[in-house]
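User: I would like to learn how to read the features of a model like this one. Can you take me through them in turn?

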Amino acid sequence: TMSSSNGIQKTDPMIRLVQIFSAKLVLEVFGGAGAIWGFSEALTLRTPDTIWFWRPCALFFGFVFYGKSVERLNAMVRLVQIFSAKLVLEVFGGAGAIWGFSEAVTLRNPDTVWFWRPCALTFGVIFFVRWLMQIQDYLVEVKYNETVDRLAAKAGETEELCCTTSDEELSENGLSYNSIRAA
């Protein structure tokens with residue numbers, strides 16, 4: 001850390017880079033692989049007989065998350081990019097976290113699997129519903145932004161307005177956020 005003139009401690013940029021990279025590595029790469037690994041076991045798909053299949057699957061997802069880019073793409077490609085990651089990390093990871101944590105703290109053992117499997121899968125279902133709602137919100141936002149951009153282009157403006165268009169400007173064109181959402 002470094003001190004600034006106002007007494008606030010600043011972190012060295014190289015240390016900050018390592019902190020960010022290591023957090024992304026653990027949460028996205030290891031998390032993606034671990035989510036597939038834990039969720040496949042919670043669903044009883046991963047057994048001693050199928051471990052040969054699930055190990056490369058988990059590693060594949062880890063590598064996919066390592067190599068994913070966040071460049072600006074068209075809306076549908078971006079939707080798949082964002083929500084495939086969310087499905088693995090949040091839905092599968094949510095169920096896998098309950099499954100793995102219950103084993104790590106020795107609550108889950110062969111005698112208590114009957115209790116922990118439905119618990120883990122219930123969390124998976126809850127996070128799946130949340131995931132579906134996030135997709136719906138994303139699609140509404142994309143449609144809203146496209147409408148605003150189209151209105152801006154119609155008005156002859158060259159700068160992209162995105163979410164800066166007010167409700168009044170939309171209503172002048174017979175639109176509202178709710179009408180766009182309903183369409």
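Analyst: Begin with helices. Helices are DSSP runs of H or I with at least four residues, numbered from the N terminus. By that rule, Val-29 sits in helix H1, residues 13-42. Keep in mind that this is a predicted model.

User: Is Val-29 buried or exposed?

Analyst: The general idea is a cut-off: buried means under 20% relative accessible area, and exposed means over 50%. Val-29 has 12% relative accessibility, so Val-29 counts as buried.

User: How far apart are Val-29 and Phe-61 in sequence and in space?

Analyst: They are separated by 32 residues in sequence. In space, C-alpha to C-alpha, the distance is 7.7 Å.

User: Next, cores. Which residues make up the largest nonpolar core?

Analyst: A core joins buried nonpolar residues through side-chain atoms within 4.5 Å. Here the largest one has seven residues: Leu-79, Phe-83, Val-91, Trp-131, Ile-135, Tyr-138 and Val-142. Helix H3 (75-104) and helix H4 (113-154) each supply at least two of them. The largest share, four residues, comes from H4.

User: What does Phe-83 touch, leaving out residues up to four places away in sequence?

Analyst: Phe-83 touches Trp-131, Gln-134, Ile-135 and Tyr-138. Apart from this core lies another, of six residues. Among them are Ala-33, Ile-36, Ala-58 and Val-88.

User: Gln-134 turned up in that contact list. Where is Gln-134 found, and what does Gln-134 touch?

Analyst: Gln-134 is in helix H4. With the same kind of sequence neighbours left out, up to four places away, Gln-134 touches Phe-83, Lys-86 and Glu-90. Take Lys-86: Gln-134 and Lys-86 are 48 residues apart in sequence, yet their C-alpha atoms are 9.5 Å apart.

User: Now charges. How many salt bridges does a search of the whole structure find?

Analyst: The search finds five. One of them pairs the side chains of Glu-90 and Arg-130, at 2.8 Å from N to O. Glu-90 lies in helix H3 and Arg-130 in helix H4, so the pair ties together parts that are 40 residues apart in sequence.

User: How accessible are Glu-90 and Arg-130?

Analyst: Both fall between the cut-offs for buried and exposed. Glu-90 is partly exposed, with a relative accessible area of 24%. Arg-130 is partly exposed too, at 37%.

User: Which residues are joined into one network by salt bridges that share partners?

Analyst: Start with the pairs. Glu-41 and Arg-46 meet through their side chains at 2.5 Å, N to O. Arg-46 is buried, with a relative accessible area of 13%. Glu-103 forms a salt bridge with Arg-108, where the closest N and O atoms are 2.7 Å apart. Glu-103 is partly exposed at 43% relative accessibility, whereas Arg-108 is buried at 9%. Shared partners join Glu-41, Arg-46, Glu-103 and Arg-108 into one network.

User: Last, the surface. Which residues make a nonpolar surface patch?

Analyst: A residue needs over 30% relative accessible area to enter a patch, and nonpolar side chains are joined within 5 Å. In this model, Val-125, Phe-128, Val-129, Leu-132 and Met-133 make a nonpolar patch of about 450 Å². Take Leu-132, which is in helix H4. At 41% relative accessibility, Leu-132 counts as partly exposed.

Methods:
Residues numbered from 1 in each chain as written. Predicted model: local features only at pLDDT ≥ 70, side-chain atom pairs only at ≥ 80, totals over all residues. Heavy atoms only, no water. Buried < 20%, exposed > 50% of the residue type's maximum accessible area, 1.4 Å probe, protein only. Helix = DSSP H or I, 4+ residues; strand = E, 2+ residues; numbered from the N terminus. Contact = heavy atoms within 4.5 Å. Salt bridge = Lys/Arg side-chain N within 4 Å of Asp/Glu carboxyl O. Patch = residues over 30% accessible without salt bridge, like charges linked within 9 Å, V, L, I, M, F, W, Y side chains within 5 Å. Areas by Shrake-Rupley, 256 points an atom, 1.4 Å probe, with all protein chains shown as cover.
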